[in-house]
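I opened a fresh page for this one. Here is the entry, with the model alongside.

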Amino acid sequence: METALVTGANGFIGSHLSVELVEQGVKVFALQRSMGSKNIKYNQFVQEGKIQVIRGDITNISQNTNGEFKVLFNNTETVLPKVNYIFHIAGKVSVWGKYEDFKKINLGGTTALLNYAKNIEAKCFSYLSSVAVYGFYGYKNLKEEDEKKPFKNPYSLSKLEAENYVKKFGQENGLNYVIIRPGNVYGEYDYTSSHEIYTRVKKQKMLISAGGKYESCFVYVGNLVEAILHTAFNSNCHNTDYNVSDSNNTLKQYLTNVAQTFGVRAKFTNFAKPLAKMTAGLVEGIYHMFFIKKAPLITRFSVYQNCEDYSFSIDKLKSVGYKPKYSNEEGIKKTVDWINTLETQNKEEK
């Protein structure tokens, strides 16, 4: 039986990945800081022993005197197992914060995991990055070899720095790696963005910038998982990077599809492009001036990706045999069904 360690395993993407690994017959070790998950099937597999949870933080990994790698959590050390594959999903994800905090997690944690992967001679180290490393400058069908000019945003900068280190480490140490850059991921159990966006669309209270006329890069979580596993399990896919996106619809097209699936009229409140950009810059300036730690409701990062074309080619991924498992309609339908189920459950509880 193949074995895998998944970091951030109980989160949105990590839980979907872990479930699919189990269903493909892989024994999963889940490195996570908290217990439980929003993903029902994930929790079921944990209870059945198909997923073995290891409590810990990727920034607390070190090597002991026996040469083993261990993770510390609440003064308890756990030796990390020898596995065939490592899927590094965990990371600090936010549009706001200090660069040092992002670097500690997104680069420091990745560095520790790479050393662990080398020590156990893992077959492949898969790193989940982001298309945010390219920046937001208005482009269509951007390819992997195109220039990366991330905004001066701690998340984007730290992700690119970690990417570069994964490549360098892999090449220098003979460690097979894959770098995955997903677009805007959506799907069931995504309480970060999908839940709010889909709920607003259903209530016809969705705010969009620039009329939603620019191309975007949505990817359903099931297709992202398919891309991650396909590239990790096939040696001809190793030692390079891949963009992952489903289609290059405009934001308005995507949200209209969501509304139609809910069975409601597509109704959006438009925030003009110049006003959106000016407001984001002004708000960020005020937050920086007064050293406010909490993320503002509007940022340049969130505005610019909706006020410029922001789409990516996946020709490279298709060239190595990747085929999306779900159509756009199927991905949206699954997410809509999840939202509807949650609303039904909330009504019953009341």
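My notes run from the sheet to its helices, then to a helix pair and a cavity.

**Ground rules.** I am working with a predicted model, where local features need pLDDT of at least 70, side-chain atom pairs count only at pLDDT 80 or more, and totals for chains, interfaces and linings use all residues. Residues are numbered from 1 along each chain as its sequence is written, and side-chain values use heavy atoms, with hydrogens and water left out.

**Sheet.** I looked up the strand order first. I found an open sheet of 7 strands, ordered β3-β2-β1-β7-β8-β10-β14, and the pairing is parallel. The edges are β3 (51-55) and β14 (240-244), each pairing on one side only. From one strand to the next the twist averages 20°. Strands here are DSSP E runs of at least two residues, helices are H or I runs of at least four, and both are numbered from the N terminus; two strands pair if DSSP finds at least two bridges between them.

I then checked one pair: β1 (residues 3-7) and β2 (residues 27-32) run parallel, joined by 5 bridges. In that pair, T7 stands opposite L31 of β2.

**Helices on the sheet.** Helix α2 (residues 40-47) lies across β2 and β3, at about 90° to β3. Helix α4 (residues 154-173) packs on the sheet and touches β8 (124-128), β10 (177-182) and β14, its direction making about 160° with that of β10. Contact means heavy atoms within 4.5 Å; angles run from 0 to 180 degrees between N-to-C directions, with axes fitted to C-alpha atoms, for helices over the stretch in contact.

**Helix pair.** How far apart are the axes of α5 and α7? I read 9 Å, with a packing angle of about 65°. On the α5 side the contact uses I197, Y198, V201 and K202, and on the α7 side Y254, L255, V258, A259 and F262. By class I get 8 nonpolar, no polar and 1 charged residues (Ala, Val, Leu, Ile, Met, Phe, Trp, Tyr, Cys and Pro are nonpolar; Asp, Glu, Lys and Arg charged; the others, Gly among them, polar).

**Cavity.** I found 1 cavity of 30 Å³ or more, and the largest has a volume of about 70 Å³. A cavity is a set of points on a 1 Å grid over the protein atoms alone where a 1.4 Å probe fits but cannot get out, and lining residues have an atom within 4 Å of a point. Grid points are joined across faces, edges and corners, and the volume is the space filled by probe spheres set on them. Its lining is Y186, F218, D246, S247, N249, Y254, N257, N328 and I332. Helices α7 (251-262) and α11 (328-349) each supply at least two of these residues. I note that Y254 appears both in this lining and in the α5 contact.

Technical notes
On a 1 Å grid over the protein atoms alone, a cavity is a set of points where a 1.4 Å probe fits but cannot get out, and a pocket is an open set with protein on both sides within 12 Å along at least five of seven lines; lining residues have an atom within 4 Å of a point.
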